[in-house]
Amino acid sequence: MDILTLNDEPGVHPHGSYYAATAGQIPHYPGLEGDIETDVCVIGAGYTGLTAALFLAKAGIPVVVLEANRVGWGASGRNGGQIHPGQRREQDDLEDIVGTERARRLWKLSERALSLVQELISNHAIDCDYRNGLIHAALRASEAEEARHYAEYLKEHYGFTECRYLDQNEIRTEIATDAYKGGLFLNNGGHLHPLKYAIGLAQAADKTGATVYEKSRVSDIQYGAEKRIQTEYGSVRAKTVILALNGYHGDLVPSLTRHVMPINNFIIATEPLGEERARSLIPGNAAVSDSNFVVNYYRLSADHRMIFGGGENYRYRFPTNLSTIARDRMLALFPALDTAKVDYAWGGTLGITRHRLPYIGQLSDGVMTAGGFSGHGVALATLSGRILADAVVGNDEDFKDMMSIPAHPFPGGTLLRWPLLVLAMASASLRDRFS
């Protein structure tokens with residue numbers, strides 16, 4: 001079954017998306033026609049692929065980007081827009097997985113990811129409503145205590161001072177709900193308009209010398225010393241291929257499904273609430289994600305809407321009631337929004353890994369991949385694009401550090417892998433209801 005065409009109109013940004021409706025004039029790039037040659041072919045025009053193309057072009061390397069639909073059509077143009085520090089797993093967990101020394105290098109890379117996003121926005125004048133501030137909110141007292149210890153751990157072991165603990169009274173002043181028992185305020189986190197950011201990266205890559213093709217879906221890749229990438233109306237011959245597909249790899253590269261699996265998530269945007277009402281909900285205009293296994297994540301838009309993401313499914317097709325799923329979760333936290341109309345509702349597919357850490361690696365000689373950002377893709381996908389570009393030009397230290405993260409495959413073969421994922425995710429999500 002084809003997740004690229006099942007839920008959305010091919011070649012068109014999702015009609016229900018607030019981001020697509022407010023991105024302004026979205027530039028069009030031509031489709032590939034005929035046979036061409038280049039040094040590097042990037043498949044996928046999301047944050048990873050576009051950042052890789054931008055830095056390869058800056059290095060003077062001929063690079064072509066092939067996008068099946070439109071720039072930012074996948075997760076890069078649909079996500080919650082939140083910018084998270086770290087590598088998705090807490091640092092003490094990461095130390096257990098890769099060792100203390102490697103974990104420290106991965107922490108530095110994650111800090112570099114945040115700086116890279118800001119640098120790209122500044123250097124290329126990307127107008128994407130960037131704001132500082134992110135809150136990790138704890139729904140349970142035990143999780144609030146864990147958050148307090150973690151803030152202390154980061155300060156003591158990593159010298160990290162951009163994080164402060166919020167007790168129950170303090171978090172109530174930051175978020176107008178009684179649901180949370182505490183949390184962390186991360187000064188170096190933030191939020192942005194994700195599709196505007198993707199469009200800005202594409203324009204920067206294009207101006208720097210990368211060639212971007214839209215509506216040029218790859219149907220086949222022939223491997224060897226020289227790779228041949230086939231689309232409906234043309235082909236690309238390249239020395240190196242970068243697979244920047246995340247959760248939208250479909251069946252193009254079957255080996256990827258062992259490590260990166262797609263799941264669907266849902267987001268709504270209310271009508272404009274007015275600045276006063278909106279700021280009464282999140283006075284500091286920070287983005288928020290909470291401690292549910294199926295995370296609630298939300299923030300205010302530049303035009304004072306509540307953008308709220310929550311709920312997910314593990315089937316290929318989006319549910320017909322995705323708006324209701326996200327709205328019910330919003331009202332559980334903010335019952336006063338019962339009178340607010342929902343203007344937009346959309347879904348998207350993200351890539352997850354078994355351990356929720358990114359999957360970055362080399363599948364064969366001259367074939368590299370990055371994905372499985374598991375909900376932390378704004379910063380980590382951007383960083384991954386830079387790391388892949390650096391590796392192509394011979395600076396592969398960061399690439400090797402990211403490759404050091406163990407790539408635990410999902411259990412089961414082709415037939416059992418998906419049912420086992422559904423069972424595991426559904427079982428874990430019961431924690432949110434009964435704890």
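## Strand pairing, helix packing and selected residues in a predicted model

T211 touches V63, V64 and V65, where residues up to four places away in sequence are not counted and contact means heavy atoms within 4.5 Å. This is a predicted model, in which local features need pLDDT of at least 70 and side-chain atom pairs count only at pLDDT 80 or more, while totals for chains, interfaces and linings use all residues. Residues are numbered from 1 along each chain as its sequence is written, and side-chain values use heavy atoms, with hydrogens and water left out.

**T211 and T208**

T211 belongs to strand β7 (residues 211-213). Helices and strands here are DSSP runs numbered from the N terminus, with H or I over at least four residues for helices and E over at least two for strands. The relative accessibility of T211 is 32%, so T211 counts as partly exposed; buried means under 20% relative accessible area, exposed means over 50%, and partly exposed lies in between, computed with a 1.4 Å probe on protein chains only. Between the C-alpha atoms of T211 and P30 there are 9.6 Å, although the two residues are 181 apart along the chain.

T208 is part of helix α8 (residues 194-208). With a relative accessibility of 30%, T208 is partly exposed. T208 is in contact with L54, A57 and K58, leaving aside neighbours within four places in sequence. The C-alpha atoms of T208 and L50 are separated by 11 Å, with their positions 158 residues apart along the chain.

**Strands β12, β13 and β14**

Strand β13 (residues 297-300) has antiparallel β12 (residues 287-290) as a partner through two bridges, and antiparallel β14 (residues 306-313) as a partner through four bridges. Two strands pair if DSSP finds at least two bridges between them. V288 has Y298 in β13 as its bridge partner, and R299 has I307 in β14. The side chains of β13 are split: Y297 and R299 point one way, Y298 and L300 the other way, and all are buried.

β12 and β13 are joined by a hairpin through six residues. The hairpin of β13 and β14 has five residues between the strands, and H304 there takes a positive phi near 70 degrees.

The loop between α9 (275-281) and β12 holds N285. N285 is buried at a relative accessible area of 11%. Among the residues that N285 touches, not counting those up to four places away in sequence, are R131, H191 and L300; L300 is also one of the buried residues of β13.

**Strands β8 and β9**

Another antiparallel pair is formed by β8 (residues 218-222) and β9 (residues 227-231), joined by four bridges. D220 has Q230 in β9 as its bridge partner. Their hairpin has four residues between the strands, and in it G224 takes a positive phi near 150 degrees.

**Residues with positive phi**

The table lists residues with positive phi and where they are found.

| Residue | Phi | Location |
|---|---|---|
| H304 | near 70 degrees | hairpin of β13 and β14 |
| G224 | near 150 degrees | hairpin of β8 and β9 |
| A125 | near 50 degrees | loop between α5 and β4 (131-138) |
| R356 | near 65 degrees | loop between β15 (342-352) and β16 (359-364) |

A125 is exposed at 69% relative accessibility, whereas R356 is buried at 16%. Neither A125 nor R356 is a glycine.

**Helices α5 and α11**

Two packed helices are described by the angle between their axes and the distance between the axes. For α5 (residues 100-123) and α11 (residues 377-392) the angle is about 95 degrees, and the axes are 8 Å apart. α5 is therefore roughly perpendicular to α11, a class that covers 65 to 115 degrees, with angles under 35 degrees roughly parallel, over 145 roughly antiparallel and the rest oblique. Axes are lines fitted to C-alpha atoms, for helices over the stretch in contact, and angles run from 0 to 180 degrees between N-to-C directions.

From α5, the contact involves L109, R112, A113, L114, L116, V117 and L120, which meet V378, A379, T382, L383, R386, I387 and D390 of α11. By class, the contact has 10 nonpolar, one polar and three charged residues. Ala, Val, Leu, Ile, Met, Phe, Trp, Tyr, Cys and Pro count as nonpolar, Asp, Glu, Lys and Arg as charged, and the others, Gly among them, as polar.

**Cysteines**

Zero disulfides are found in a search of the whole structure, where a disulfide is a pair of cysteine sulfur atoms within 2.5 Å. C41 is buried at a relative accessible area of 0%, and C128 is buried at 1%.
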